[in-house]
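Trainee: Please take me closely through one helix of this chain, and then through what surrounds that helix.

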Amino acid sequence: MKNNKIYIIDVTNRDGVQTAKLGLAKLQKTMINIFLNDMGIYGSEFGFPVTRHETNYLNANMELVKTGVLKPIILNGWVRAIKEDVKKACEMTNVENLNLSISTSEQMTNGKFLGNKTRDDILLLMTDAVDFARKKKLKIVGVNAEDASRTDMPYLIKFAKAAKDHGADRIRYCDTLGYDDPFTIYKRIKILASEVKLPIELHCHNDLGMVIACSVAGAKAAIDAGCDAYINTTVNGMGERAGNADLVSIILAIKYSSGFSGKYQLDERVKLNHAWKIGKYASYAFKVPIPINHPGIGTNAFAHESGIHADGALKDRRNYELYDFEELGRGEPELIETGRQIIAGEYSGIKGFRNVYDKLEIKFKDDKEAANILELVRYANVHTQQPLTHDELRFIAKYPEIARKIFTMTP
Ligand SMILES: [Zn+2]
């Protein structure tokens, strides 16, 4: 067993919400942070500190950090690796940790900056941004090499060393286009981690269908080189184009695959039995169904029909199952209302609203408090445009002032 570990930084609230045609309301992003924290996930890249409509959401979630509701999860913001972005992030929000991102490949340096920036300019922009972040006393500063997988190794090493010299805590290797395969990423990360000796974050995409394999192969390389590894995930693999590394699949791969199980250690705080809950919630919030063959949480993940398989699974589940459904938080009966339904929503009145909260066994101390929460529930529904879940309703009743901030948006 190696001493270094694999940690998970979920990027649903940053890369996941960048998914074309889809997105999450700020309340839904907040719930994802809460569920990730409950699940024992190390970190959440929770948004964009220089984007105005994120400000109240980010600051409200930082209040949840301060009051111990979002603890011990680490929340980090995403900005471009330029000094102005770091400056603005510090002015606009109370975010304590930042990931600074800039393209490192020749393709992107030439293709995006159109000859206006040399690769030395890129280094200078990044190191200036890191220096400024350090001066601003940010707690954790990560540096993201966008398109790292298409970047020549000598430059990538130079870039990562410069980041380290200026005080970066981590380097994020972005396989932005999903160009790596498990063998190339292993080789490249092994060299990078051995040369730079800095924790490596693996940020992989699924354009060639290899996102899980690449993420774990990269993590293995970092640990083999004596560094900690951080894998970026999203809930249900949401993300641009073909998506990012699915959270549950990554956990399963590290816990149960033959080369990892018992050999490489996942952050021991991760609670797999929250998988079902967070997967279902993200599916509801994004309005994207979980594929039936999704690892662990698809409806067919533990279904057996053919004679030999069903017989074998019934005799001993280990014949056809690597892990138990209970481990993913499955198998509990779920209540579905088939009769009358009273919903609390944007046009609700006090009677229906009280009925909904009575069922959740939440009492209000007086009519004034009830009226206040009702008003917030109305706004919440305007904001999410779908029926509020029990957890969302509980959140609003428990943290009304935080909820009010999250719903407030002034263009
Ligand atoms: Zn990405």
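**Helix α13 and its surroundings**

Mentor: Begin at the end of the helix, where Gln385, just after α13, takes a positive phi of about 55°. The model is predicted, so local features need pLDDT of at least 70 and side-chain atom pairs count only at pLDDT 80 or more, whereas totals for chains, interfaces and linings use all residues. Residues are numbered from 1 along each chain as its sequence is written.

Helix α13 covers residues 367-384 (helices are DSSP runs of H or I with at least four residues, numbered from the N terminus). The end C-alpha atoms of α13 are 26 Å apart, which agrees with the 26 Å that its 18 residues should span at 1.5 Å a residue, the expected span being 1.5 Å times one less than the number of residues.

Along α13, the buried positions are Ile373, Leu374, Leu376, Val377, Ala380, Asn381 and Thr384, where buried asks for 20 or more other C-beta atoms within 10 Å of the residue's own, with C-beta atoms placed from the backbone. Among the elements that cover these buried residues are α1, α12 (350-359), α14 (390-398) and α15, a contact being two residues whose C-beta atoms, placed from the backbone, lie within 7 Å.

Of these neighbours, α15 (residues 400-407) packs against α13 at an angle of about 35°, with the two axes 10 Å apart; axes are lines fitted to C-alpha atoms over the stretch in contact, and angles run from 0 to 180 degrees between N-to-C directions. The crossing of α13 and α15 is left-handed, that is, the near helix is turned anticlockwise from the far one by less than a right angle. From α13 the contact draws on Asn372, Ile373, Leu376, Tyr379, Ala380 and His383, and from α15 on Pro400, Ala403, Arg404 and Phe407. By class, the residues of this contact are seven nonpolar, two polar and one charged (Ala, Val, Leu, Ile, Met, Phe, Trp, Tyr, Cys and Pro count as nonpolar, Asp, Glu, Lys and Arg as charged, and the others, Gly among them, as polar).

For the wider setting, the domain assignment gives domain 1 (5-286) and domain 2 (350-407), with bounds from an automatic or database assignment. The centres of domain 1 and domain 2, taken over C-alpha atoms, are 33 Å apart. Their contact takes 14 residues from domain 1 and ten residues from domain 2. On the domain 1 side, α1 (26-38), α2 (55-66) and α10 (275-286) each supply at least two residues, and the largest share, six residues, comes from α2.

Definitions and conventions. A residue is buried if 20 or more other C-beta atoms lie within 10 Å of its own, exposed if 12 or fewer, and partly exposed in between; C-beta atoms are placed from the backbone.
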